[in-house]
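Student: I should like a close look at one part of this molecule, with its side-chain contacts treated in detail. Please give a connected account rather than a list.

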Amino acid sequence: MRHEKPKALIAHEKMMRELLDKGPPKFCYNCMNYSGDGRCGVFDMEPPEEFTQVANQCDEWTMEPPF
């Protein structure tokens with residue numbers, strides 16, 4: 001018979017579930033629409049630097065293929 005699950009492991013698993021549910025912070029830098037040369041493929045322009053430094057600014061952010 002297994003012993004009781006350690007409380008630290010329970011807390012770690014809970015934290016990991018919350019992080020997975022929340023997902024990554026949404027910056028231009030980790031958006032699939034942001035090209036290597038710094039252009040946004042959705043708006044066909046280079047976003048201002050101030051915009052790229054703030055999370056969750058764009059409703060068009062995507063990390064996975066939309067199909």
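Tutor: The account below begins with the charged pairs and a helix, and then passes to the cysteines and to two further residues.

The model is a predicted one. How many salt bridges are there? The count comes to 4 salt bridges, and three of these pairs are described here, beginning with Glu4 and Lys7. The closest N and O atoms of Glu4 and Lys7 are 3.6 Å apart, and both residues are exposed. A second pair joins the side chains of Glu13 and Lys5, with an N to O distance of 2.9 Å. Glu13 is classed as partly exposed because its relative accessibility is 28%, and Lys5 is likewise classed as partly exposed because its value is 41%.

The pair formed by Glu18 and Lys14 belongs to helix α1. Their side chains meet in a salt bridge at 3.9 Å, N to O, a distance that satisfies the limit of 4 Å. Because Glu18 and Lys14 are 4 residues apart in helix α1, about one helical turn separates them. Glu18 has a relative accessible area of 46% and is therefore partly exposed; Lys14, at 48% relative accessibility, also counts as partly exposed.

Helix α1 comprises residues 7-22 and includes Met15. Together with Met16 and Leu19, Met15 makes a nonpolar surface patch of about 270 Å². Met15 itself is partly exposed, since its relative accessibility is 42%.

The cysteines come next. A disulfide is a covalent bond between the sulfur atoms of two cysteines. By the distance rule, which requires two cysteine sulfur atoms within 2.5 Å, the count comes to 0 disulfides. Cys40 takes part in none, and the nearest cysteine sulfur, that of Cys58, is 6.0 Å away. Seen from the other side, the cysteine sulfur closest to that of Cys58 is in Cys40, and the separation of 6.0 Å is too far for a bond. The two residues are also assigned to separate accessibility classes: Cys40 is buried, with a relative accessible area of 15%, whereas Cys58 is partly exposed, with a relative accessible area of 24%.

Thr52 is placed in helix α2, which covers residues 49-52. Is Thr52 buried or exposed? Its relative accessibility is 11%, so Thr52 counts as buried. A polar atom of the Thr52 side chain lies 2.7 Å from the backbone oxygen of Glu49. When neighbours within four places in sequence are left aside, Thr52 is in contact with Phe27, Cys28, Tyr34 and Pro47.

The segment after α2 contains Glu60. Glu60 is partly exposed, because its relative accessibility is 41%. Which residues does Glu60 touch, not counting residues up to four places away in sequence? They are Cys31, Asn33, Val42 and Phe43. In the case of Cys31, the C-alpha atom is separated from that of Glu60 by 8.8 Å, although the two residues are 29 residues apart along the chain.

Definitions and conventions. Residues are numbered from 1 along each chain as its sequence is written. This is a predicted model: local features need pLDDT of at least 70, side-chain atom pairs count only at pLDDT 80 or more; totals for chains, interfaces and linings use all residues. Side-chain values use heavy atoms; hydrogens and water are left out. Patches are made of residues with over 30% relative accessible area and no salt bridge: like charges are joined within 9 Å, nonpolar side chains (Val, Leu, Ile, Met, Phe, Trp, Tyr) within 5 Å. Accessible areas come from the Shrake-Rupley method with a 1.4 Å probe; for residues, only the protein chains shown count as cover. Helices (H or I, at least four residues) and strands (E, at least two) are DSSP runs, numbered from the N terminus. Buried means under 20% relative accessible area, exposed over 50%, partly exposed in between (1.4 Å probe, protein chains only). A polar contact is a pair of N or O atoms within 3.5 Å; within protein, one must be able to donate a hydrogen and the other to accept it, and residues adjacent in sequence count only if both atoms are side-chain atoms. Contact means heavy atoms within 4.5 Å.
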